[in-house]
Amino acid sequence: MNVLVLNAGSSSLKFQVIVTDPERIARNRDERLCRGHIERIGAEAIATFHTRDGARQKFTAALHDVASALDYVVRWITSEESGIVEIRAAADIDAVGHRVVHGGELFSESTLITAEVLCGIEDCIDLAPLHNPDNIQGIRAAQHVFGPEVPQVAVFDTSFHQSMPEHAYLYALPYHWYGRYNIRRFGFHGTSHRFVTERYRSLRRLSSEQTNLITMHLGNGCSATAIRGGRSVDTSMGMTPLEGLVMGTRCGDIDPAIVSLIAAKEGLSTQEVEVILNTQSGLLGISGLTNDMRVLLRELNDPEDRRVRLAVEIFCYRARKYIGAFLASMGGADAIVFTGGIGENSPEIRARICEGLEWAGLKLDRYSNQRLVGLEGQISTADSILHAFVIPTDEELLIARDTVHCVLRKWPRPMPVENSLKVEEVL
Ligand code: ADP
């Protein structure tokens, strides 16, 4: 199946086209035909498209909304310029998979989009007022461009964490706030945590029940997840993505009393303080320089730059503290998996986080750790008790695969599948 994966933001649209079906999924042979993004939708938009062979094409166009941006994307995909011979018309797209940020307690798995599901996503707007409305616009735009014949699937950032038990997702706050306002921990980056968990499981040939891990998604946003029996049992992000680890510009865990204190001292509203906690804190706030870990690592050896050193130390310390907490709360794990821009590409940060985890049985293989930059593999020694792995994440691929699963299970019309395997045999 040719699956178009969409991630619609407030003024941006990211996309990929992935060819996948149950047989390709079972053999890990999915194929990416192209990817790209459009920025500054609403003004003179900038489109950057990448063809299958990696060539980059850049265009500008007046695109006033997500629907016109999607129409532009589809015209490029079906044009000679994209070089995609498999797709000559919009009708050659078999299904569309959407990244949706918040599924609240309504969606514990990816789902085929119906009118009722769309209402459910709307009901979650209160929980993600900055994201769900854009995701809904993306869905409506795809309905407009492809019509009702093309099935669409929503894949939620939150759904993987719906398996957390009550004692992990409830805050120690007046209990009726949970019932009245849905105040609880939801967790995010679920697609990434799930992708690396499933990949680890297939690399190690484990059953779900045997899969006990701590997954560390370290990018601009960062989160850690405790996986027991293949399911998320705790995660560091909470009601919003602000809680937990130190991130590029987000503070992670802080004492909530700081908010009103700073509001009073600086003459700000609590909403304004919250914006600072989201956009001017974390690595950027401590270093006063940047949220970009590559730059911080380059500056690290400058003896003048105490704050750069501090930013990196606090980042790694908090990550190690969460690993320790999850090891204790889960009663141990078999491995730590690093992913995300920092987790996949920075041997230095991985080494700093793993330093001091020898007590838990983790011995870092320094050579493998240095070698694995953007590559998959084991970075702990063979005799470690607690292992460490690097697994590059691929959220779009998981969205495409979930789209295939949902469509083949629930779409009323039979979809063309390129092989004769029964769906149940390979799912
Ligand atoms: P997002 O969360 O926005 O998807 P990414 O997962 O791409 O972000 O991660 C971005 C982060 O990864 C940035 O802090 C960037 O500096 C960092 N990063 C990328 N490559 C490297 C590298 N080689 N070494 C250290 N950090 C890196």
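Q: Which residue in S11 stands opposite Ile227?
A: This is a predicted model, in which local features need pLDDT of at least 70 and side-chain atom pairs pLDDT 80 or more, while totals for chains, interfaces and linings use all residues. Residues are numbered from 1 along each chain as its sequence is written, and side-chain values use heavy atoms, leaving out hydrogens and water. Strand S10 (residues 222-228) runs antiparallel to S11 and is joined to it by 4 bridges. In S11, the residue opposite Ile227 is Ser232.

Q: Which residue in the turn between S10 and S11 has a positive phi?
A: S10 and S11 (strands are DSSP E runs of at least two residues and helices H or I runs of at least four, numbered from the N terminus) form a hairpin. The turn has 2 residues between the strands, and a phi of about 60° is found there at Gly229.

Q: Why is one side of S11 and of S13 left without a neighbour in the sheet?
A: These strands belong to an open sheet of 6 strands with mixed pairing, in the order S11-S10-S9-S12-S14-S13. Strand S11 (231-235) and strand S13 (377-378) stand at its edges, so one side of each has no neighbour, because each has a single partner strand.

Q: Which residue in S14 is the bridge partner of Ala335?
A: Strand S12 (residues 335-339) and strand S14 (residues 387-390) pair, which takes at least two DSSP bridges, and here 4 bridges join them in the parallel sense. Within S14, the partner of Ala335 is His387.

Q: Which strands are the edge strands of the sheet of 8 strands?
A: This open sheet has mixed pairing and the order S5-S4-S3-S2-S1-S6-S8-S7. Within it, S3 and strand S4 (residues 44-50) pair in the antiparallel sense over 5 bridges, and Arg35 stands opposite His50 in S4. The strands that pair on one side only are S5 (56-62) and S7 (111-112).

Q: Which element gives the most to the lining of the second largest pocket?
A: The second largest pocket is lined by 38 residues, and those nearest its centre are Arg194, Glu198, Arg201, Leu398 and His405. Helix H1 (22-27), strand S3 (31-39), helix H7 (190-204) and helix H16 (395-410) each supply at least two lining residues. With 8 residues, the element that gives the most is H16.

Q: How many charged residues are in the lining of the second largest pocket?
A: The pocket has a volume of about 1200 Å³. Its lining has 11 nonpolar residues and 12 polar ones, and its charged residues (Asp, Glu, Lys and Arg) number 15.

Q: Which helix gives the most to the shell around the ligand?
A: The ligand has 13 residues around it (a heavy atom within 4 Å), and Asn220, Asp292, Met293, Arg294 and Gly341 come nearest. By class, this shell has 3 nonpolar, 8 polar and 2 charged residues. The helix with 4 residues in the shell, which gives the most, is H13.

Q: What share of the ligand's accessible area does the protein cover?
A: Oxygen atoms of the ligand lie 3.0 Å from a polar backbone atom of Met293 and 3.5 Å from one of Gly221. A backbone N or O atom of Ile342 is 3.4 Å from a ligand oxygen. On its own the ligand has 580 Å² of accessible area (Shrake-Rupley, 1.4 Å probe), and the covered share is 66%.

Q: How many polar and charged residues are in the lining of the largest cavity?
A: The structure holds 1 cavity of 30 Å³ or more, and the largest cavity has about 50 Å³ of space. Leu170, Tyr171, Leu173, Pro174, Tyr175, Trp177, Tyr178 and Ile183 line this cavity. The lining divides into 8 nonpolar residues, and the polar and charged counts are none and none.

Definitions and conventions
On a 1 Å grid over the protein atoms alone, a cavity is a set of points where a 1.4 Å probe fits but cannot get out, and a pocket is an open set with protein on both sides within 12 Å along at least five of seven lines; lining residues have an atom within 4 Å of a point. Grid points are joined across faces, edges and corners, and a volume is the space filled by probe spheres set on the points. A polar contact is a pair of N or O atoms within 3.5 Å; within protein, one must be able to donate a hydrogen and the other to accept it, and residues adjacent in sequence count only if both atoms are side-chain atoms.
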